[in-house]
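Trainee: Let's read this structure together. Where do we start?

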Amino acid sequence: MLRLLPGPATADVDPYEAYGDAPGLRIGMVMSADGSVTDAEGWTDGLGGAADFRVFRTLRALADVILVGAGTVRTGRLGPARLRSDLRARRGRPPAPIAVVSRSLDLDWTLPLFTEAETPTIIVTSEHARARVPSGIPVVAAGGQDIDLPSAIRRLGEEHPHGGQGRGRLLCEGGPALATALIRASLVDELCLNIAPALVAGARHTRLLGDLDAEVPLEPSALYLDEGVLFVRYRLGAAAPPRKA
Ligand SMILES: NC(=O)c1ccc[n+]([C@@H]2O[C@H](COP(=O)([O-])OP(=O)(O)OC[C@H]3O[C@@H](n4cnc5c(N)ncnc54)[C@H](OP(=O)(O)O)[C@@H]3O)[C@@H](O)[C@H]2O)c1
């Protein structure tokens, strides 16, 4: 992996060190150069190739909790978090739990994500819905009728401290609806965007984000290149006042 920014350019950056300064909540996603987060199959595997997977695995290994939206789980493609032996040795502890954010709890509880996870998968939902989570699955319930995302994020960070102390480092892997909700609620510190060298426009084109009601300034903090994939890290600024209609 070649580091282009901050300069001067340096080849052979170690992703684990490059991304090691994880902030409180980081979004890590891959998209095509025309902004689609899904490939022709409606999943992500065909987008970024091996270079993207290396950074994907690294971000997971650096996280204390991995957040995903229920829509992504309903694709049936998301397995339990696993760690390759080299990353496990560097992390020095089991994989971070995946935390699935769902209001409806319309989920297939027989998926390996729920039955085979080394670190049990957590459900993040509302107080209203929590009683419908099957027993044995850890729950973080925040908010009455609807999920209170700021409260859920704070709880997850407190309950999964980084290295046993301080607030945990959270990674949101998407999908677009959850990532958009987190940005709208000003909960995101960093966007790690992997831009695959492909245009996939067509029927399966799914935008990176939904509607934001205000412009969010981004400050690029790093840029890497590996096997044609551009890896951009943006710091998120405060949201600008809502646009006038
Ligand atoms: N390229 C990438 O990096 C990447 C990463 C992940 C996913 N994807 C793709 O993205 C697609 C799925 O994304 P998606 O946008 O449909 O779903 P999503 O963001 O994965 O999940 C959305 C779901 O999250 C739950 N949720 C709870 N509180 C929410 C809130 N405040 N705002 C929004 N959602 C909330 C809801 O679940 P309930 O309906 O259960 O209440 C909602 O339906 C898949 O095609 C997947 O392949 C791509």
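Mentor: Start with domains. Domain bounds come from an automatic or database domain assignment. Here the model is predicted, and the protein is divided into domain 1 (25-63 + 175-245) and domain 2 (68-168).

Trainee: How many Å separate the centres of domain 1 and domain 2?

Mentor: Taken over C-alpha atoms, 20 Å. The contact takes 14 residues from domain 1 and 20 residues from domain 2.

Trainee: How do I read the size of an interface?

Mentor: Interface size is often given as the accessible area lost when the parts come together. Between domain 1 and domain 2, about 1,400 Å² is buried. Carbon and sulfur atoms give 67% of that area.

Trainee: How many salt bridges does the rule find across the interface of domain 1 and domain 2?

Mentor: Zero. The rule does find three residue pairs in polar contact there. On the side of domain 1 that touches domain 2, α2 and α7 each give two or more residues. The largest share, six residues, comes from α2.

Trainee: And the largest nonpolar core: how many residues has it?

Mentor: It has 38 residues. Tyr19, Val73, Val100 and Phe114 have the most contacts inside it. Helix α2 (45-62) is one of the elements that give two or more residues to this core. In fact α2 gives the most, with five. Domain 1 and domain 2 each supply at least three residues.

Trainee: Which residues of helix α7 are buried?

Mentor: First, the general idea. An α-helix has 3.6 residues a turn, so residues three or four places apart point the same way. In α7 (residues 176-184), the buried residues are Leu178, Ala179, Thr180, Leu182 and Ile183. Their cover includes β2 (25-32), α6 (149-159) and β10.

Definitions and conventions: Residues are numbered from 1 along each chain as its sequence is written. This is a predicted model: local features need pLDDT of at least 70, side-chain atom pairs count only at pLDDT 80 or more; totals for chains, interfaces and linings use all residues. Side-chain values use heavy atoms; hydrogens and water are left out. A nonpolar core is a set of buried Ala, Val, Leu, Ile, Met, Phe, Trp, Tyr and Cys residues joined through side-chain atoms within 4.5 Å. Buried means under 20% relative accessible area, exposed over 50%, partly exposed in between (1.4 Å probe, protein chains only). Helices (H or I, at least four residues) and strands (E, at least two) are DSSP runs, numbered from the N terminus. Contact means heavy atoms within 4.5 Å. Buried area is the accessible area (1.4 Å probe) that two parts lose on being put together, summed over both. A salt bridge is a side-chain nitrogen of Lys or Arg within 4 Å of a carboxyl oxygen of Asp or Glu. A polar contact is a pair of N or O atoms within 3.5 Å; within protein, one must be able to donate a hydrogen and the other to accept it, and residues adjacent in sequence count only if both atoms are side-chain atoms.
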